[in-house]
Amino acid sequence: MHRRYFPEDFIWGAATASYQIEGAYNEDGKGESIWDRFSHTPGKILNGDTGDVACDHYHRFREDVKLMKELGLDSYRFSISWPRVLPEGKGQVNEKGLDFYKQLVDQLLKAGIDPAITLYHWDLPQALQEKGGWANRDTAKYFVEYANLIFKELGDVVPLWITHNEPWVVSFPGHAFGEHAPGIKNYQTALQVAHNLLLSHGMAVQSFRQLGLPGKIGITLNLTPVYPFSDNEADQKACDLQDAFINRWFLDPIFEGSYPEELHQIYRKKVGEFIIKNDDLEIINQKIDFLGINYYLRLVVKHNPDYNIFGVETVKPEGREYTEMGWEVYPEGLYDLLIRLHKDYAPEALYITENGAAYQDQIDADGRVHDQKRIAYLKAHLKNAHRAIEAGVPVKGYYIWSLMDNFEWAFGYSKRFGLIYINYDNQQRILKDSAYWYRTIIAKNYIED
Ligand SMILES: N#[N+]C[C@@H]1[C@@H](O)[C@H](O)[C@@H](O)[C@@H]2O[C@H]12
C-alpha cells in the first residue's frame, strides 16, 4: 500500500452551517431569517421540513464539541446566524445570541480545536429582506457592520474567517431560479445580488485589515470544473460559458477586479444591466489570505441552442457513480480544479472548505452506520487533493461536509452528509464508520491507496 503523507501543518476539519444545525429558530431573542420564512412557506421544502429544531445544536453544542474532540479535529468550520446576533440585521445586538457563539468558541478552544467562522451561510435577517435584501446595495453596508461586531468579539481568538459561503448559490438558486430563500425568480436581480455580495466581501476584508486582526480571511466559492461532452467547437464553447457562469463570474472579480467580458455581454443583451459603482471592482479585488473551495462534482455540458440563455445543456455521463444528490462522483475533478486555480489565479493558500457526499445511511442491527461508500468517496478525493499538493498547489486544509447530518435546504432532512448520524426523533448522535475512519486519518496524517 502506498502511503500519501499530508504536510505536517495540514488542517483536518469538518464543517456545518447555522441554519442547518442550530434549531432554536425563535429562542433567546433570535430574529427571523429568510430561511425561517422560506421553510415555513408551504411547498418550498421537501416533506414540509424546517430548521426550527434541526440538530438542536443551540442546546447541545457542548456534547457536539466533545464529539469533535473525540474525532481529533484540528478545526471546526461553522457559521454565525446574523439574525441571532442582530435580530433586525442592524442596530440592537442580541447579547444572548452573541453569548452562544462566545461559549461555542470557548468550548472549541478548550478542546484544542481551532474555530473557522463563516460570516454568511445564507440566513439573512428577514428584516433586511423586507428592505430588498442583497438586491439592495445597503445590505453590503449592514453586512460590514455585522462583521465588525463579530470581528471585535472574536477576532483575537479565531484564526480563520470566511466572509461568504457560495455566493453563486445565494445569487442564482436564491434569486434567479427561486429554489432557495428568498425564492425570487428574476435573473437581473440575481446579477445585482451577486455583485452586492462580492462588494460586501471586499468591504469586510478592508475592515478586517483596518482592525489589524491576527487571523486569515478569505471567501468560500462553490467551484465546479466543467468538461465538454465532445471535442467539437460548439461543445467547447458551451463548456467555456458554463465555466464563466459558475466559476469565473466570482473568481475574476475577486482575483482580477473584472467580470468575464463575454458573459457580461450576454447578460447585457439577454438579462439587462446591474449597477456597478465607480470603485466597486477595486473594493472586491482585495487581496485575500486564502480561497475556500467547496468541491462536490464536475459538470459535462454540450451545446443546445434551445436549452437556456446560454444554449448550454448539462449531460449525465453513463456508467458513472452518483450520490443521493444525483451528483457524479468524480474525484479527479478536484485535482483538475486545484491545478487550474493555482495556474490561473494563484491564491496564496487554498482550503477545501467542503467536500462530502450524501448516501442512504441507516443504523444497522449492530447499532452502527456502515457508510463504506462515504469512506470511499472521501478517500478518493483526499488522494486527488494530495496529488495537487505534490504538484505544488498550496492546499492547507480539508473540511468534510458535514460534521453531522443536517437540514439540507430544499431537500429537508432527506439527505444525510454527516460523519455523525442524527436520529431526529430523539437527537441521538451516532458516529458513522466514516467518523472512525476520519479519526485514524487525522491521527496518522496519511491515507493509503
Ligand atoms: N447540497 N449540498 C451540500 C452542501 C450544503 O449543505 C452546504 O450548506 C453548501 O455550502 C454546499 O452545498 C453544499
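This report walks through the annotated sites, one enclosed helix and two helix pairs of a predicted model.

## The active-site pair

Let's start with what the record says. An unreviewed UniProt entry gives the annotation "active site" to E166 and E354. They are spread over 189 residues of sequence, yet they cluster in space, with a largest C-alpha distance of 10.6 Å. Both E166 and E354 belong to the lining of the largest pocket.

Where does each one sit? E166 is in the loop between β5 and α8, while E354 is part of strand β11, which covers residues 350–355. E166 has a relative accessible area of 8%, and because buried means under 20%, E166 counts as buried. E354 is buried too, at 5% relative accessibility.

Now for the company they keep, leaving aside neighbours within four places in sequence. E166 touches W122, T220, L221, N222, N294 and E354, so the two annotated residues are in contact with each other. E354 has a longer list of partners, including A15, R77, H121, N165, I293 and N294. Y295, Y296, Y399 and W401 are also among the contacts of E354.

## The binding-site residues

The unreviewed UniProt entry also has a "binding site" label, and it goes to Q20, H121, N165, Y296, W401, E408 and W409. The lining of the largest pocket includes Q20, H121, N165, Y296, W401, E408 and W409. Some of these names have come up already: H121, N165, Y296 and W401 are among the residues in contact with E354.

N165 is worth a look of its own. It lies in strand β5, residues 160–165. Is N165 buried or exposed? With 1% relative accessibility, N165 is buried. Beyond its neighbours within four places in sequence, N165 meets R77, T118, Y120, H121, W122, V170, T220, N294 and E354. One of those partners, V170, is a buried residue of α8, which brings us to that helix.

## An enclosed helix

How many of the nine residues of helix α8 are buried? The answer is nine of the nine, so α8 (residues 167–175) is largely enclosed by the rest of the structure. The buried residues are P167, W168, V169, V170, S171, F172, P173, G174 and H175.

What surrounds them is a mix of strands and helices. The buried residues of α8 pack against the strands β4 (114–120), β5 and β6 (216–222). They also pack against the helices α9 (187–211), α10 (233–256) and α11 (261–270).

## Two helix pairs

Two packed helices are described by the angle between their axes and the distance between the axes. For α10 and α13 (residues 332–344), the axes come within 12 Å and cross at roughly 35°. The crossing of α10 past α13 is right-handed. On the α10 side, the contact involves D243, N247, R248, L251 and E256, and these meet R340, L341 and D344 of α13. Sorted by class, this contact has two nonpolar residues, one polar and five charged.

The other pair is α14 (residues 372–390) and α15 (residues 433–444), whose axes come within 8 Å and cross at roughly 30°. Here, too, the crossing is right-handed. Q372, R374, I375, L378, K379 and L382 of α14 make the contact with D433, S434 and W437 of α15. The class count for this contact is four nonpolar, two polar and three charged residues.

Key: Residues are numbered from 1 along each chain as its sequence is written. This is a predicted model: local features need pLDDT of at least 70, side-chain atom pairs count only at pLDDT 80 or more; totals for chains, interfaces and linings use all residues. Side-chain values use heavy atoms; hydrogens and water are left out. Axes are lines fitted to C-alpha atoms, for helices over the stretch in contact, and angles run from 0 to 180 degrees between N-to-C directions. Helices (H or I, at least four residues) and strands (E, at least two) are DSSP runs, numbered from the N terminus. A crossing is left-handed if the near helix is turned anticlockwise from the far one by less than a right angle, and right-handed if clockwise. Contact means heavy atoms within 4.5 Å. Ala, Val, Leu, Ile, Met, Phe, Trp, Tyr, Cys and Pro count as nonpolar, Asp, Glu, Lys and Arg as charged, and the others, Gly among them, as polar. UniProt positions are given in the numbering used here, feature names are shortened, and annotations may be inferred rather than shown by experiment. On a 1 Å grid over the protein atoms alone, a cavity is a set of points where a 1.4 Å probe fits but cannot get out, and a pocket is an open set with protein on both sides within 12 Å along at least five of seven lines; lining residues have an atom within 4 Å of a point. Buried means under 20% relative accessible area, exposed over 50%, partly exposed in between (1.4 Å probe, protein chains only).
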